[in-house]
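I opened this model to jot down how its parts pack together. Here are my notes, in the order I looked things up.

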Amino acid sequence: MCSAFDVIIVGGGAAGIGAARRLAAQGSSALLLEASARLGGRAWTQDIGGYPLDLGCEWLHSGDRNAWVGIAEASGFPVDRGEPPWAKAHPGIEHDEHAQEAAQRAYGDWEDRLRIVAAGSDRASDALQPGGPWNAYVRAIAGFMSGMAPEQISATDYLAYDDASTGRNWHLPSGHGTLVAASLPSTTTLRLATPADRIDLTTDGVAVTTRAGTIRAGAAILTISTAVLAGDAIRLPAGTEPWREAAAALPLGRNEKIFLEIGHNVAFEPDSHAYGNLHDPRSAAYSIRPNGWPVIEAFLGGDGARIVAEGGPAAGFAHVSAELAALFGSDVASAIRPLAATSWSRMASIGGAYSCALPGRSNARARLARPFEDRLFFAGEATHPFDFTTAHGAHDSGIRAADEALAALGDRRGEAA
Ligand SMILES: Cc1cc2nc3c(=O)[nH]c(=O)nc-3n(C[C@H](O)[C@H](O)[C@H](O)COP(=O)(O)OP(=O)(O)OC[C@H]3O[C@@H](n4cnc5c(N)ncnc54)[C@H](O)[C@@H]3O)c2cc1C
């Protein structure tokens, strides 16, 4: 039976677009199916109040080896290589400097102890000091990194990311989501608002069924999040249960952002940073006036993100407004107004922020990345061995899956000839 495309890519986030770019560069035909009405997935820049705000990925982590940097520069998107705001504390905040240092030291000590825990229980909470005075701070930072409580974090996995990071965090003033969405090659056939409902193997490839019909191809690359893969939204061929099980061992954590607009009568230092409450695991980290805009971006992880995910935007605004009033004085409350709040956990086609391996399950990433029957290939941030949780890890996983698919197609054509 004749296939309409060499490869069908399921999911139009950073991984799907990375795969499409590789296939296009190799002259292979590809169809990209995206469930939602826009490209980008967890890369999403929205113009809100006149500012291009990144609701999902924002930072070019490990910028000196991040594929999006080269893509940005080749397409004329400026890259800001300056220090990130979290390197510059907002002046005049009431935090006790010694307390801040002690909290950061406690986080470093916890990371050191993770190495011992990784060789044993692998449960990151076992590296917390029982009754330690800075455990709330460690929990909040682990929540930013993983979206999870330390009880649910694999120490091995956490360290794999940390050890590989180069610590360079660059920025795209026009938005990371803008770049990702603009990077699909013009030769890729795109169908938005077309979720794949079912994938079957055929004798010479795959058949992908959507509500608009069934499309055949030599191979499929699946880039959906682990939350979607572990659920039942897509019917996969018999025999793929171990892949679903690997996805379930890599659940998506909770991370949400809240944006506030600053009234012009309040002086906030541009491109600076503040930390909410050193003693509250639900605390947010604040980017103050990013790019000089009159905006505050609050980043919440784990227990903090749960406030937004479960209580809705109003509960999130109340939480961050109270923290900001405690930091900057009660006058601040009347000078800030809600702009936007994310709801990644509630978005059915995504279902959370980024993947985190459960204790003892860090090998699930490699298990998820394996091809199935040389027809079905798996990409997405969760499949990267160390750059998981990022847009560049997602991109690189798409390249890897595209290469695997091309090799399998080449082998099959060679056998048929
Ligand atoms: C709040 C937040 C902050 C972040 N900050 C950063 C950061 O600063 N730097 C960084 O590098 N990373 C960051 N990340 C992580 C980064 O955004 C992700 O790791 C990356 O974008 C994931 O890309 P992906 O292609 O693997 O998955 P996704 O972006 O989730 O793409 C998968 C796509 O599949 C689609 N889909 C689902 N089901 C179907 C179906 N049945 N058929 C067709 N399509 C389907 C989805 O709609 C989605 O578009 C952040 C994420 C969040 C949520």
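I began with helix α9, whose buried residues pack against α4 (135–146), β11, β14 (295–301), α10 (313–328) and β15 (336–341). Packing here means contact, with C-beta atoms, placed from the backbone, within 7 Å. The buried residues of α9 (residues 303–311) are Gly304, Ala305, Ile307, Val308 and Ala309. I call a residue buried if 20 or more other C-beta atoms lie within 10 Å of its own (exposed is 12 or fewer, partly exposed in between). Helices (H or I, at least four residues) and strands (E, at least two) are DSSP runs, numbered from the N terminus. Just after α9, I found Gly312 with a positive phi of about 85 degrees.

A note on the source: this is a predicted model, local features need pLDDT of at least 70, side-chain atom pairs count only at pLDDT 80 or more, and totals for chains, interfaces and linings use all residues. Residues are numbered from 1 along each chain as its sequence is written.

Next, the domains. The assignment, which is automatic or from a database, gives domain 1 (5–39 + 184–251 + 357–416) and domain 2 (85–167 + 254–346). Their centres, taken over C-alpha atoms, are 33 Å apart. Domain 1 puts eleven residues into the contact and domain 2 puts in ten.

Then I looked at the largest nonpolar core. A core is a set of buried Ala, Val, Leu, Ile, Met, Phe, Trp, Tyr and Cys residues joined through C-beta atoms within 7 Å. This one has 122 residues, and Val7, Ile8, Ala219, Ala220, Ile221 and Ala405 touch the most other members. Helix α13 gives the largest share, eight residues. Both domain 1 and domain 2 contribute residues, so the core lies between them. I followed Ile8 further: beyond its neighbours within four places in sequence, its contacts are Leu31, Leu33, Val206, Val208, Ile215, Ala217 and Ala220.

What surrounds the ligand? I counted 41 residues, the closest being Gly11, Gly13, Gly41, Cys57 and Thr390; a residue qualifies if its C-beta atom, placed from the backbone, lies within 6 Å of the ligand. At least two residues of the shell come from each of α1 (14–25), β5 (59–61), β11 (255–262) and α13 (391–416). Each of the two domains supplies at least three.

Last, a hairpin. Strands β3 (residues 45–48) and β4 (residues 51–54) pair antiparallel over four bridges, where pairing needs at least two DSSP bridges. Ile48 sits opposite Tyr51. Two residues lie between the strands, and Gly49 takes a positive phi near 65 degrees.

Methods. Two residues are in contact if their C-beta atoms, placed from the backbone, lie within 7 Å.
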